[in-house]
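User: I want the reasoning behind the labels here. Take me through them one at a time.

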Amino acid sequence: MIVGWVGIRLPTVEVRFQNLTIEADCYVGSRALPTLPNVALNILEAGLGIFGVSTTKRRRLTILKNVNGIVKPSRMALLLGPPSSGKTTLLLALAAKLDPELKVEGEVTYNGYKTKEFVPRKTSAYISQNDVHLGEMTVKETFDFSARCQGVGTRYDLLAELARREKDAGIFPEAELDLFMKATAMEGMKSNLITDYTLKILGLDICKDTVVGDDMRRGISGGQRKRVTTGISFPAITFLA
């Protein structure tokens with residue numbers, strides 16, 4: 001991504017997955033039901049498994065097989081498929097949040113780096129279908145809290161370089177946009193301004209003072225709650241289930 005006509009490139013992420021195969025060892029029939037006896041047997045088998053003893057045969061289930069693809073930066077990709085086709089598993093694999101008990105073959109890379117070579121959670125986020133929030137907090141409080149937890153650094157270096165290149169190129173930015181960018185670079189101001197801006201582009205400014213709510217407390221609608229979940233998880237790439 002390039003800022004204006006001055007040639008400053010912002011970092012982007014390209015995700016590639018090649019020959020991705022995911023398999024799971026699972027129970028079949030009545031043994032797979034979440035009953036109390038089965039839970040007790042699972043605990044017993046887990047203890048015996050420490051000593052290398054296996055008492056129950058499991059069936060190998062292939063969830064994904066030799067899947068390849070590229071997620072280009074600065075684009076929106078739509079993943080379609082019938083139920084139980086492995087869509088969620090693929091998204092979890094791309095976000096490096098798979099269950100460690102699954103058998104994974106192939107590789108997933110971010111700009112050429114494997115997920116074990118860096119911390120994927122700082123670059124990507126997986127948003128599940130379940131929205132979990134503190135129901136007593138308002139929408140704006142939720143965004144402010146998330147911004148403070150994620151850190152609010154300054155961008156003086158970027159703005160200084162941008163101003164220098166704009167001056168050399170004879171470019172005069174819009175006054176309101178220039179003021180906003182300078183204000184977001186100030187320590188202590190970035191959180192509030194970015195919060196207001198994010199609420200505006202997500203259409204949540206109309207309910208920013210309404211509590212998020214939960215099963216026991218009435219709050220915003222389901223669609224608004226999903227937008228809150230998406231807004232507070234604003235990394236370089238987002239995987240939505």
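User: Why is Thr-21 called buried or exposed, whichever applies?

Analyst: Thr-21 has 8% relative accessibility. Buried means under 20% relative accessible area, exposed over 50%, and partly exposed in between, with a 1.4 Å probe and protein chains only. So Thr-21 counts as buried. A note on the source: this is a predicted model, where local features need pLDDT of at least 70, side-chain atom pairs count only at pLDDT 80 or more, and totals for chains, interfaces and linings use all residues. Residues are numbered from 1 along each chain as its sequence is written, and side-chain values use heavy atoms, with hydrogens and water left out.

User: Where is Thr-21 placed?

Analyst: Thr-21 belongs to strand β3, residues 15-26. Helices (H or I, at least four residues) and strands (E, at least two) are DSSP runs, numbered from the N terminus.

User: Which residues does Thr-21 touch, leaving out those up to four places away in sequence?

Analyst: Leu-64, Lys-65, Asn-66, Lys-103, Val-104 and Glu-105. Contact means heavy atoms within 4.5 Å.

User: What does the side chain of Thr-21 reach at 3.0 Å?

Analyst: The backbone nitrogen of Asn-66. A polar contact is a pair of N or O atoms within 3.5 Å; within protein, one must be able to donate a hydrogen and the other to accept it, and residues adjacent in sequence count only if both atoms are side-chain atoms.

User: What makes Asn-66 partly exposed?

Analyst: Its relative accessibility is 46%. That value falls in between the buried and exposed limits, so Asn-66 counts as partly exposed. Asn-66 lies in strand β4, residues 59-71. Its phi is positive, about 50 degrees, although Asn-66 is not a glycine.

User: And what is the status of Asn-19?

Analyst: Asn-19 has a relative accessible area of 41%, so it is partly exposed. Asn-19 lies in strand β3. Phi of Asn-19 is near 50 degrees, a positive value in a residue other than glycine.

User: Why is helix α2 described as largely enclosed?

Analyst: Six of the eight residues of α2 (residues 87-94) are buried, so the rest of the structure largely encloses this helix. The buried ones are Thr-89, Leu-90, Leu-91, Leu-92, Ala-93 and Leu-94.

User: Which strands do the buried residues of α2 pack against?

Analyst: β3, β4, β5 (103-110), β7 (124-127) and β8 (237-240). Just after α2, Ala-96 takes a positive phi of about 60 degrees.

User: How many helices and strands does the chain have?

Analyst: Seven helices and eight strands. Of the 241 residues in the chain, 29% are buried.
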